[in-house]
Amino acid sequence: MVNLPLVNPNAAGIDVGDTIHAVAVPEDRDPEQVRSFGTMTGDLEAIAAWLIQCGVDTVAMESTGVYWKPLFNLLTQQGLEVYLVNAKQVKNVCGRKNDEDDARWIQKLHSCGLLRSSYLPDDEQEALRTLVRHRKTLTQDRSRCVFRMQKALELMNVKVHTLLRDITGKTGIAIIEAILRGERTAENFLACVHFKVKADRATILKSLEGNWRTEQLYLLEDSYMNYQYLTQRIGSCDAAIERQLEYYRSEICPEAAPACEAITNKKANRNKPAFNTCSYLKKVLGVDVMAIYGISDIAALEILSETGTDMSKWETAKHFVSWLNLCPNNKISGGKLISSTLMKKKPNPASQAFRNAANAVQRSDNWLGDYFRRMKAKGGNKYATVATANKIATIYYKMVSCQQEFKPVELAAYQEKYKQVKIMYLERRLHELKKEAA
């Protein structure tokens, strides 16, 4: 490391923490090469002032939790170039581990040009990402409330949730509200049952006979109130996301004429946003990405918030799917493949959205569904999910980067093309076997 040339002679390294930031500068800039600062606003301003005093123009720091964000924003405002580095890519030297040594090591790596910055969104995308992630958290919390209501009904042996596909539908909500009002007679619940419920009258009456335990009634009421509250908060979050999408669109195309409202023919999900997601996505991205098989309103919104509109941040589609961790992580040594893992245990939200889209097409009557089933027969469900998500992500990248609409392949033509490729492969193998036999 000592013999490596200095690529960034004015580089500094920061080990980020919750209560302490250790900052290292080049050895010839200050008698004290490493200093420890607090994490209050005044301490962050002191860090920026010391770095400028030492002639530092570029800084590398670890992406530790969310502790790096206030310092990152302050340093960028001061005109410093800041590299946000994945902590897994910064290995500490042998010996005792402490914050000062980590800061020196980051500074040394950065000065030699061995670090690369992580992908970072701009301000508009960061705001949209925060709101979309918050909406996902609210939706997950609301789902937990539904599970608790189902558990309370089950513990009272009220089996209505086994007859209804969703207890938060019209019939389920009407029955729960009747229970909370004090109704206990099974026949009186029939007025709450919608005519589309397929269960017969006798089965519904049996399912509504239960052991009305006081503590479970309280849990049912508390979970229902939380469900209603979270539903209101999701609606409020949808309004905030819509405002941010409108601002996002005006920032990207301030002089563009208002386009007509785009409408999707896909089946609506019960967690679908309250606004016309398809229309906003087409205005922001310039193409209808929801035309891709498997991409729902929520998935498209999550992908936009995580990746933005500028696909040039990834050189090619292969770089894009590699960033999404939707390709094999091959490790080769001595010309041999020694390790290959499909993906990390916890993919990023954009990668998860593409995987959900892949799972959604596995029974579809289109070429992507056929591809999923073929990959599943080859390597299992996880293998097929990653492979299909790779294809969907590649299509998404090319649509947004080249501003081309989705042009699906006919299923019959796709199957015929695959059949011909397989025939050519088998003929080639037969020819090779004949040569070996001769």
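This is a short tour of a predicted model, going from one selection to the next.

**Stop 1: the strands E1, E2 and E3**

Start by selecting strand E2, residues 21-24. Both of its faces are covered: His21 and Val23 are buried on one side, and Ala22 and Ala24 are buried on the other. In a regular strand, side chains alternate between the two faces of the sheet.

Now add strand E1, residues 11-15, which runs antiparallel to E2 and is joined to it by 3 bridges. The two strands form a hairpin, with 5 residues between them. Then bring in strand E3, residues 34-37, which is also antiparallel to E2 and shares 4 bridges with it. Val23 makes a good residue to centre on: Ile14 stands opposite Val23, and Val23 also stands opposite Arg35 in E3.

**Stop 2: Tyr67**

Move on to Tyr67, in the loop between strand E4 (58-62) and helix H2 (68-77). Is Tyr67 buried or partly exposed? With a relative accessible area of 37%, Tyr67 is partly exposed. Setting aside residues up to four places away in sequence, show what Tyr67 touches: Val16, Gly17, Asp18 and His21. His21 should be familiar from the first stop, as one of the buried residues of E2.

Before leaving, draw a C-alpha to C-alpha distance from Tyr67 to Ala389; the two are 32 Å apart in space and 322 residues apart in sequence. Ala389 will come up again later.

**Stop 3: Ser111**

Next, select helix H3, residues 99-111, and zoom in on Ser111. Ser111 counts as buried because its relative accessibility is 3%, and the cut-off for buried is under 20%. What is Ser111 in contact with, beyond its neighbours within four places in sequence? The partners are Pro5, Leu6, Val7, Asn8 and Ala11. Ala11 belongs to the range of strand E1, residues 11-15.

**Stop 4: a cavity**

The structure holds 1 cavity of 30 Å³ or more. Rolling a probe the size of a water molecule over the atoms shows where empty space is left. To find the largest cavity, select Val160, Leu163, Leu164, Thr171, Ile175, Val193, Val197 and Ile204, which line it. Its volume is about 40 Å³. Colour the lining by residue type and you will see 7 nonpolar residues, 1 polar and no charged.

**Stop 5: helix H9 and its surroundings**

Select helix H9, residues 297-307. How many of its 11 residues are buried? The count is 10, so the helix is mostly covered. Among the buried ones are Asp297, Glu302, Ile303 and Glu306. To see what covers them, display helices H4 (123-155), H7 (214-252), H8 (277-285), H10 (317-323), H11 (349-360) and H13 (381-402), against which the buried residues of H9 pack. Just after H9 comes Gly308, with a positive phi near 75°.

**Stop 6: the largest nonpolar core**

Stay in this region and select Phe320, Phe354 and Tyr396; of the 82 residues in the largest nonpolar core, these touch the most other members. Apart from that core lies another, of 23 residues, among them Val16, Leu44, Cys54 and Leu74. Val16 is also one of the residues that Tyr67 touches.

Back in the largest core, centre on Phe354. Leaving aside neighbours within four places in sequence, its contacts include Ile303, Phe320, Ala389 and Tyr396. Ile303 is one of the buried residues of H9, and Ala389 is the far end of the distance drawn from Tyr67.

Thr388 is found in helix H13. Thr388 counts as buried, with 0% relative accessibility. Beyond residues up to four places away in sequence, Thr388 touches Ala358, Val361, Leu368, Tyr371 and Phe372.

**Stop 7: two positive phi values outside glycine**

Finish with two loops. Asn157 sits between H4 and helix H5 (170-180), and its phi is positive, near 60°. At 42% relative accessibility, Asn157 is partly exposed. Gln403 lies in the loop between H13 and helix H14 (411-437). Its phi is positive too, about 55°, although Gln403 is not a glycine. With a relative accessible area of 44%, Gln403 is partly exposed.

Terms used:
Residues numbered from 1 in each chain as written. Predicted model: local features only at pLDDT ≥ 70, side-chain atom pairs only at ≥ 80, totals over all residues. Heavy atoms only, no water. Buried < 20%, exposed > 50% of the residue type's maximum accessible area, 1.4 Å probe, protein only. Contact = heavy atoms within 4.5 Å. 1 Å grid on protein atoms, 1.4 Å probe; cavity = no way out; pocket = protein on both sides within 12 Å on 5 of 7 lines; lining within 4 Å. Points joined across faces, edges and corners; volume = space filled by probe spheres on them. Nonpolar A, V, L, I, M, F, W, Y, C, P; charged D, E, K, R; others polar. Core = buried A, V, L, I, M, F, W, Y, C linked by side-chain atoms within 4.5 Å. Pairing = 2+ DSSP bridges.
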